[in-house]
Structures are given as C-alpha cells and as structure tokens.
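Reader: I'm new to this one. Could you walk me through how its labels are earned?

Author: Sure, take a look first.

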Amino acid sequence: MCGIVGIIGFSPVNQSIYDALSVLQHRGQDAAGIVTIDANNCFKLRKANGLVNDVFQAHHMQRLQGNVGIGHVRYPTAGSASVSEAQPFYVNSPYGISLAHNGNLTNATALRQQIFEQGKRHVNTSSDSEVLLNILAIELDKFPTYPLSADNIFNAIKQVHQTIRGAYACVAMVIGHGLIAFRDPNGIRPLVLGKRVLFDNKIEYMVASESMAIDVLDFEYIRDVEPGEAIYITEQGELLSQQCAQNPRHCPCIFEYVYFARPDSLMNGISVYQSRIHMGQMLGQKIAREWADLEIDVVIPIPETSCDAALEIARILNKPYRQGFVKNRYVGRTFIMPGQTIRRRSVRRKLNANRTEFEGKNVLLVDDSIVRGTTSQQILEMVRSVGANKVYLASAAPEIRYPNVYGIDMPTVHELIAHERTVDEIARLIGADALIFQDLSDLIEAVKRGNPAIEQFECSVFDGQYVTNDVDELYLSSLDRQRNDMYKETLLQKEAENLEIYNEGQ
C-alpha cells in the first residue's frame, strides 16, 4: 500500500506536497519522494528511503521548485525495498513524464518483455510502477503532434487500461502539458479530487489517495475519481475528465476501511470512521448472540485502528471500555514493515500494557484484523504477563486466508496464520482463550452502509475471489517467491554488498 498526491496551481507546490505526504505517512513508511517541474521545464526530484521528515531537508525543499508536482510514500509489496524502487519514476521520452502509483499490476512480467521488444525501452528496476510509466509513455509517443490534445491523452489512457491488469491509482506529469490522474476500471485503490480557489478566482487542483490530505491543505473535496476515469488538468488550470474504461465497475478494496485509511477520510462516498463504528456494532451483536457465556470484565482495544470498533462492542455488551495499552507513537505500523524480523522486534517497543487494567481480569481484546498472528501472539503473552486471568480476542475483520495481489503486503499463504486453519487452531497458536472473527457478510454490510450504491467490494484476502479474473495458481506461486520476506532481505543484502563494492572502487 502506498500514498500518492499531485498538485497543480499558480504558486510553489513543494511545501504543500510535503505536508500531504506527512499526513499520508500511515500508507507507507519505507520511502518517500517528490518531483516538481520548474520554470525551465526541468524535473526536480528528491526521493530516498525513510520517513517524510527524514527524506526532505531544507536544501531539498529549496531545490523542488515549480507550480506542479507529485509525491509518493511507499512500503514495498514485491521485490526490493531498495531506494532504487522509491517513487516517483520518470522517463525523458516523450516530452518528459513522471508518475507515482499505488497498487499492483498482475501482468507486469509479460509487460516488461513487451516494453523491451515492442517499445525498445529498458525498465531499470523490479517495480511494476516503472512498467506502468513506460506503458503510458509508449501510448503517448504514438501521437505525432505537439502539444498533445486532451483527446490524445485520454486515448492513451484508454489503451493503458486495455494493456495493463490489476489495481492502480496513478498521478503523473507531462512536461509542457500538466497533471494527469487515473484509476483502474475496478476502482480497487482509492483516489480523490479537490480544488482551492485563490483570491483572483484562479483554481488550484489536487488529487490524493485520501480525502483528509485534501482537507489538511485547505482544499475543497470535490469527489472521488471514478473507476476507469482519467483527469487531465492543463498548465493553464483547465480541468478535463473522461471515462476511459470500456466496462468500469466499482469494487473498492474493503481492507482500506478495516486497516489502512485514516478514520477522518472519505473514500468512495464512505466515511472510514463510520464504517469502523458499524464494524464494532456488527461484531458486538455477534458476540452478544453467539458468545454470551464469556465472562468478560473489560473491553480493551489494541490501538489504534480498532478503538472505534471496540467502543461500540463495549456499549453493546454493557461492559467497561478501557485503554489498557500505552502506545509509543514513534514506532511505525508493524504490519507494513518490510520484514518479519523487524516486525517481531517492534511490537514490544510499540506497545506496553498498563497492569492495573489487566490484573485479575477476564479481558476482551479487540483488534482490526489478524494477518500473520505474530503481533497478536506477542500482545497476548504481554497481557498474561501483567496478570490477566482470561484473554479473549475479537477481530473486526474475518480470517485472512488468501494473499493479496492488488498492492497490500500479504505475501505468502505460509505467512498467513488463518490459511488452512480452523478458528480453534488459530486461537491455540496465538494463545487466546476464545477467538471471535467478524463474518464477511457483516463486514460488507458495515462498510456498505456508507454508500449502498456500491454493489461489490474487493474482498480477496477473505474469500479468495479476485475481481480482475486473471489470477491463477501459477501467478500466486510466482508472487509468493517475489514477496517472501527472506527474498526481500536477500535482495537488500545483495544491494548493500554491491554498494560497498562500488564505494571501495571509488
């Protein structure tokens, strides 16, 4: 999962993009990047591994001149976590194009060969985002006239939709033209549009992964970019849009609402906060109905995503709600850290249990989801070590049994604790006296309440149904090899060794 932003206006955008990336930091903590186009029509780029406030220092910001720019925060889902994979990417031909992408292409391997053989282009990294950029460049290069018309750009994106498969929300810049944004025909990954009216009635535009980034920068939320739609904003500030997919449909990723998105965001017409309230209501009703024999003394959330759901569960069960964990807010989200070893070390640095809330009590812990089970197991051990009597665990999401192929790092089935295991087996592995999962139908209902017009959600991690209809066992096996934690760590080690060899040779 990644966060993207693009701004085009009539004043410098470097600080605004930095601020937007800062509030999108929860979507990726591995790397960050910004590219702008300056007054001389030159790309100005800064990207590196690390958090936003570490990557961009004052001298970097001073160099990022221009009234149009795009930004990206990344966590790796496939291949390497090297700085070479950080976004945005750019190509010099045609015109000069830079692109940032949130999602994952399911046919990237075949496209890589096609780009080389037919487009005579070299893809320098293992990133599918660089593949996507080159596909866009090939399509834009087919038009002989300069500058490109809006129809040229929309026709190019129509061809991109027909060529690539998977999930993608993209923002791009073309030198001499302006800002482009587009979203995959299923609308799996989120993308929203906003505007800001200046004192002279000029309008600046912004696209971002989540609406709260638009709010924070005092832009006005306009709407979501529709599935399959392309937005083109010219250098003169004219906004044009067109549906570029043949059969678009709305199938947004439901896990955005469970875990990734900030609660103050509005995506696909749905309040993330309200959806989590509804998840708590549905799960609380299930516990009251099916687990009435549990002797629960207190309901405690595992912070922070589950807090809203836990409060509703406590209300429905008529039990006290307590904040039993103290969170170190300077440790990143353990789920999206690139490596199981790092995740394991981070759990105890991230959370500490307040003994007075656990000692001698039967505790119902509430979490947003259970992925690998590593964090859950360590938290339950911690709770017992401070004197809890019985420890029950409720998950606001169903069992995660299948890998995600659309940009979420749920890499291999062997790392998913629920894969081919019963609920009782999972409970024994993590050390819970009782384990309760949300039903998938209830999760869908909880999110759908915000926008009943959405008929289907992308729920593949729960049900194994992939909405792009192009995912088979061969692809999943290939992805398993690419996303294996050991493979990632090996790549990083090789890159470090290569860098050391290079430095010694200088």
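**Salt bridges and a sheet**

Author: In this predicted model, Asp-439 and Lys-286 form a salt bridge, with their closest N and O atoms 2.9 Å apart.

Reader: What makes the contact between Asp-439 and Lys-286 a salt bridge?

Author: The cut-off is a Lys or Arg side-chain nitrogen within 4 Å of a carboxyl oxygen of Asp or Glu. Here the distance is 2.9 Å, so the pair qualifies. Asp-439 sits in the loop between strand 21 and helix 15, while Lys-286 belongs to helix 9, so the pair ties together parts 153 residues apart in sequence.

Reader: Why is Lys-286 called buried?

Author: Buried means under 20% relative accessible area, and Lys-286 has 8%, so the word fits. Asp-439 has 28%, so it counts as partly exposed.

Reader: How do you know that Lys-361 and Glu-357 make a salt bridge too?

Author: Their N to O distance is 3.8 Å, and the limit is 4 Å, so they count. Glu-357, at 17%, is buried, whereas Lys-361, at 25%, is partly exposed. The whole structure has 20 salt bridges.

Reader: What makes strand 16 and strand 19 a pair?

Author: Pairing takes at least two bridges, and four join these parallel strands, so they pass. Val-299, for one, has Leu-364 in strand 19 as its bridge partner.

Reader: Why is strand 16 called an edge strand?

Author: The open sheet runs in the order 16-19-20-21. Strand 16 pairs on one side only, and so does strand 21.

Terms used:
Residues are numbered from 1 along each chain as its sequence is written. This is a predicted model: local features need pLDDT of at least 70, side-chain atom pairs count only at pLDDT 80 or more; totals for chains, interfaces and linings use all residues. Side-chain values use heavy atoms; hydrogens and water are left out. Helices (H or I, at least four residues) and strands (E, at least two) are DSSP runs, numbered from the N terminus. Buried means under 20% relative accessible area, exposed over 50%, partly exposed in between (1.4 Å probe, protein chains only).
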